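Subject: Structure handover

Hi there,

Here is the structure I promised to pass on to you. Please open it alongside this email, and my notes follow just below.

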Amino acid sequence: MQKQNWKKIINYVVGPILFVVLAYSIYNKIQKQPNLDKSWLTIRETFSSHAYLLLLMFLLMIINWSLEAKKWQLLIEPVQKVSLMTGFKAVLSGLSFSLFIPNGMGEYLGRMLYMQEGKRLQCVAISFMGRLSQVIVTL
């Protein structure tokens, strides 16, 4: 079976099945919580009284991810040219993988999905150096 056929199967079959299973699992967990009605009331009150903070948080998240995408785009530019939108998708993909794979390894995996086949190892090394540089500057 060709590589493109596998991608279609993953995108159109496995992805939606995984979404439904996870959504159902989350729904069941929420329904089994004690004092669910009181919790929803507290959540609604908090959102209504602090809606501006929630909007500010979402705005700052988008700015942060956009800056991270631009940084990643500049880092891997010598190896492969990518658009800012592809960089943004790669960053979000990396964030998704990092929820399931510990120690930040998921970020590398998610970002490498958007790299060409022969250039992935170089991009991992460059991404690692970029992350190490950021930690050094922070320290």
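A good place to begin is Q73, which touches V82, S83 and L84 once residues up to four places away in sequence are set aside. Please keep in mind that this is a predicted model. Q73 sits in helix α3. Is Q73 buried or exposed? Its relative accessible area is 15%, and since the cut-off for buried is under 20%, Q73 counts as buried.

From there you can step across to V82. Leaving out residues up to four places away in sequence, V82 is in touch with W72, Q73, I76 and M115. V82 also belongs to the largest nonpolar core, a set of 8 residues. The other members are W72, I76, V79, A90, M112, M115 and C123.

Now for α3 as a whole. This helix has 26 residues, and the distance from its first C-alpha to its last is 38 Å, close to the 38 Å expected at 1.5 Å a residue. Which residues of α3 are buried? They are E68, A69, W72, Q73 and I76. Their cover includes α4 (84-98), α5 (105-112) and α6 (120-138).

Looking from the α5 side, the buried residues are G106, Y108, G110, R111 and M112. They pack against α3, α4 and α6. M112 is also one of the residues in the largest nonpolar core.

The pair α2 and α3 may interest you as well. Helix α2 covers residues 36-49 and helix α3 covers residues 51-76; their axes come within 4 Å and cross at roughly 75°. That crossing makes α2 roughly perpendicular to α3. On the α2 side the contact is made by F47, S48 and S49, and on the α3 side by A51, Y52 and L54. By class, this contact has 4 nonpolar residues, 2 polar ones and no charged ones.

One last residue for you to look at is N35, found in the loop between α1 (3-31) and α2. Although N35 is not a glycine, it has a positive phi of about 55°. N35 is exposed, with a relative accessible area of 58%, whereas Q73 is buried.

If you want a short route through the model, you could start at Q73 in α3, go on to V82 and its contacts, M115 among them, and finish at N35 in the loop between α1 and α2.

Happy exploring, and best wishes!

How values were computed. Residues numbered from 1 in each chain as written. Predicted model: local features only at pLDDT ≥ 70, side-chain atom pairs only at ≥ 80, totals over all residues. Heavy atoms only, no water. Core = buried A, V, L, I, M, F, W, Y, C linked by side-chain atoms within 4.5 Å. Buried < 20%, exposed > 50% of the residue type's maximum accessible area, 1.4 Å probe, protein only. Contact = heavy atoms within 4.5 Å. Axes fitted to C-alpha atoms, helices over the stretch in contact; angles between N-to-C directions. Helix = DSSP H or I, 4+ residues; strand = E, 2+ residues; numbered from the N terminus. Parallel < 35°, antiparallel > 145°, perpendicular 65-115°, else oblique. Nonpolar A, V, L, I, M, F, W, Y, C, P; charged D, E, K, R; others polar. Expected span 1.5 Å × (residues − 1).
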